[in-house]
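Let's take a friendly walk through this fold, from the overall layout down to single residues. Have the structure open beside you as you read.

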Amino acid sequence: MEIASATVLGRMIAAGRMLAGLDQAALADAAGVSASTISNVERGSDAREDTIKSIRKALRRTGVTVTIDKSNGIAIAAIRFDEPDEED
């Protein structure tokens, strides 16, 4: 069974949020989006690229990186122990 890439990304964002110790409201506040947007993204709804970018940046500031390899659809959520940078 193949899982849609939006679903995979949503699950990885949820995992990243939990690794960061944030609830949906806290991540929403940090990303400048609504809590319902976080909920929708985590459930696999398609989201605008700038919304995903804001969420990923907010997670990155906590030391959590969420990436997805577009060539094979494999998603990764990881904790980083060094200082986060401002790049995507």
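The chain has four helices and two strands, and this is a predicted model. Starting at the N terminus, the order of the elements is α-α-α-α-β-β. The chain counts 88 residues, 30% of them buried. If you look at contacts between residues at least 6 apart in sequence, 56% join residues at least 24 apart.

**Helix α4**

A good place to begin is α4, which covers residues 49–61. This helix of 13 residues spans 18 Å between its first and last C-alpha, close to the 18 Å expected at 1.5 Å a residue. Just after α4 comes glycine 63, with a positive phi near 95°.

Which residues of α4 are buried? They are Thr51, Ile52, Ile55, Ala58, Leu59 and Arg60. An α-helix has 3.6 residues a turn, so residues three or four places apart point the same way. The cover over the buried residues of α4 includes three helices, α1 (5–19), α2 (24–31) and α3 (35–42), along with the strand β1 (64–68).

Threonine 51 deserves a closer look. This residue sits in helix α4, and threonine 51 counts as buried because its relative accessibility is 11%, below the 20% cut-off. Leaving aside residues up to four places away in sequence, threonine 51 touches Val33 and Thr37.

**The nonpolar core**

The largest nonpolar core is made of 13 residues, and Ile13, Leu27, Ile55, Leu59 and Val66 have the most contacts inside it. Each of α1, α2, α3, α4 and β1 supplies at least two residues of this core, and α4 gives the most, with four. In soluble globular proteins, nonpolar side chains tend to be buried together.

Leucine 27 shows how the pieces come together. Not counting residues up to four places away in sequence, leucine 27 touches Ile13, Arg17, Leu22, Ile38, Ile55, Ala58 and Leu59.

**How α2 packs**

Two packed helices are described by the angle between their axes and the distance between the axes. Here are the values for the two pairs that involve α2:

| Helix pair | Angle between axes | Distance between axes |
|---|---|---|
| α2 and α3 | roughly 110° | within 8 Å |
| α2 and α4 | about 105° | 8 Å |

Angles of 65 to 115 degrees count as roughly perpendicular, so α2 and α3 are roughly perpendicular to each other. On the α2 side of this contact are Gln24, Ala25, Leu27 and Ala28, which meet Ala35, Ile38, Ser39 and Glu42 in α3. Sorted by class, the contact of α2 with α3 has five nonpolar, two polar and one charged residues.

How do α2 and α4 lie, roughly parallel or roughly perpendicular? Their angle makes α2 and α4 roughly perpendicular to each other. In this contact, Leu27, Ala30 and Ala31 of α2 meet Ser54, Ile55, Ala58, Leu59 and Arg61 of α4. The contact of α2 with α4 divides into six nonpolar residues, one polar and one charged.

**A residue of α1**

Finally, have a look at leucine 19, which lies in helix α1. With a relative accessible area of 41%, leucine 19 is partly exposed. The C-alpha atoms of leucine 19 and threonine 65 are 9.9 Å apart, although 46 residues separate the two along the chain.

Notes: Residues are numbered from 1 along each chain as its sequence is written. This is a predicted model: local features need pLDDT of at least 70, side-chain atom pairs count only at pLDDT 80 or more; totals for chains, interfaces and linings use all residues. Side-chain values use heavy atoms; hydrogens and water are left out. The expected span of a helix is 1.5 Å times one less than its number of residues. Buried means under 20% relative accessible area, exposed over 50%, partly exposed in between (1.4 Å probe, protein chains only). Contact means heavy atoms within 4.5 Å. A nonpolar core is a set of buried Ala, Val, Leu, Ile, Met, Phe, Trp, Tyr and Cys residues joined through side-chain atoms within 4.5 Å. Axes are lines fitted to C-alpha atoms, for helices over the stretch in contact, and angles run from 0 to 180 degrees between N-to-C directions. Angles under 35 degrees count as roughly parallel, over 145 as roughly antiparallel, 65 to 115 as roughly perpendicular and the rest as oblique. Ala, Val, Leu, Ile, Met, Phe, Trp, Tyr, Cys and Pro count as nonpolar, Asp, Glu, Lys and Arg as charged, and the others, Gly among them, as polar.
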